[in-house]
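Thank you all for making time this morning. I would like to take you through one structure, starting with its overall layout and then turning to a few individual residues.

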Amino acid sequence: MEARLVLLPGDGIGPEVIGAAAAVLRAVARRFGHVFHLEEYPIGGTAIEATGEPLPPDTLQACLEADAVLLGAVGDPKWDRPDLPVRPEQGLLALRKAMGVYANLRPVRVFPALVHASPLKPEIVRGTDFVVVRELTGGLYFGPRQEPREGRAYDTMVYTEAEIRRVARVAARLALKRGRHLVSVDKANVLASSRLWRQVVQQVVDEEFPQVTLEHMLVDAAAMHLLRRPTTFDVLVTANMFGDILTDEAAALAGSLGMLPSASLGETHNRHGFPRGLYEPVHGSAPDIAGQGIANPLGAILSAALLLRHSLGLEEEARAVEEAVERVLEQGYRTVDLAVEEEPVGTREMTRAVEKALTQS
Ligand code: IPM
Ligand code: MN
């Protein structure tokens, strides 16, 4: 297969982890005989510095023409001043919106070798394997807002039936392929948008997915149950903001935020007939450790595996990458965020270990 992939390294540790994921994609191409054209474009703070805009038109156009997009991270404390009119995060939000990727799949899987890397008890986290489907182009992130003015500011959480229905379908379809158990997370005891959410998800499942068991859970309770009984979850579906928060929490199960990949999908397809996705590790730009060569590249590498699976239909290749990651963890390789007693390795050494495991499998 020949594929055109756009890489958006972004800010902080973004370039380091995207460099790692690119190396693994090249190793996949060599081993399986594919041709991947990898093109880099700026986004976020790096793009603001180069062009004045967090999502330059050339970057957006390349993303809309690519077969898939792999992004590192955006954001840096230097852009955190509340009075700044442009911020790196705007680039990412605009890209998600422009690509129409409304369903953000965040698999949370605890690798057996990392059971002891979690701050939670091994008997609680062992066997955890669920997917959070986070609505990505609506809700609080995109509703009408007022920036701070005269001591007042607001954001609004707006959802339409159509927005809820399409993401509920993605989640229910995924549940069908997995354990057929869907938990819809909302705050229907307080929020009107959540009452609509609950009603529409229920209707979608009743009418189109009778084989799926649906449970509704309030977001505060979900935050607790994810830590108390993570292995009982299969697929969760929730609003943009709730999904953002719950997946950082869920990362504690996997041992580190550095482990979680994500895939954002919408309705548009690439020239191979697969969804044109946006793939990003769940972790942020981690400015405190940027440039030191110690970032965990596995979230980005596992995101590349999701890209191979969802946007290129390369299931065997995706599995090979996931198995290579599993193998290096079993061999004891740990970046500093994962190390308990092990001597930590850097980003490069971890990446080379994955490449090696990939070529030897
Ligand atoms: C994420 C990030 C982003 C989000 C930020 C960087 C805008 O936290 O992908 O989870 O809030 O969606
Ligand atoms: Mn987040």
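**Two domains, then single residues**

Taken over C-alpha atoms, the centres of domain 1 and domain 2 are separated by 24 Å, the domain bounds being those of an automatic or database domain assignment. The contact between them takes 10 residues from domain 1 and 13 residues from domain 2, where contact means heavy atoms within 4.5 Å. In that assignment, domain 1 consists of 1-102 + 257-361, while domain 2 covers 119-254.

Before going further, I should say that this is a predicted model, in which local features need pLDDT of at least 70 and side-chain atom pairs count only at pLDDT 80 or more, whereas totals for chains, interfaces and linings use all residues. Residues are numbered from 1 along each chain as its sequence is written, chains are lettered from A and ligands numbered from 1 in the order in which they are written, and side-chain values use heavy atoms, with hydrogens and water left out.

As for the secondary structure, the protein has 12 helices and 12 strands, which are DSSP runs numbered from the N terminus, helices being H or I of at least four residues and strands being E of at least two. The protein is as compact as a globular protein of its length, because its radius of gyration is 20 Å and the globule rule gives a close value of 21 Å for 361 residues; that radius is taken over C-alpha atoms, and the rule is 2.2 Å times the number of residues to the power 0.38. Along the principal axes, the C-alpha atoms fill a box of roughly 50 × 50 × 40 Å.

How much of the protein counts as buried? The figure is 53% of the 361 residues, where buried means under 20% relative accessible area, exposed over 50%, and partly exposed in between, with a 1.4 Å probe and protein chains only. Among contacts in the protein with a separation of 6 or more, 76% come from residues 24 or more positions apart.

Let me now turn to individual residues, beginning with T59, which sits in helix α3 (residues 57-65). Its relative accessibility is 1%, so T59 counts as buried, and, leaving aside residues up to four places away in sequence, T59 touches L8, Y41 and P42.

G143, found in the loop between β5 (129-135) and β6, is also a residue to look at for burial. With a relative accessible area of 9%, G143 is buried, and its C-alpha atom is separated by 9.7 Å from that of Y154, 11 residues apart along the chain.

P82, by contrast, lies in the loop between β3 (68-73) and α4 (88-99), and P82 counts as exposed because its relative accessibility is 75%. From C-alpha to C-alpha, P82 and T128 are 38 Å apart in space, and in sequence they are 46 residues apart.

Finally, which residues other than glycine have a positive phi? One of them is E150, with phi near 50°, in the loop between β6 (145-149) and β7 (152-155); its relative accessible area is 78%, so E150 is exposed. R180 has a positive phi of about 60° although it is not a glycine, and R180 lies in the loop between α6 (161-177) and β8 (181-186). At 40% relative accessibility, R180 counts as partly exposed.
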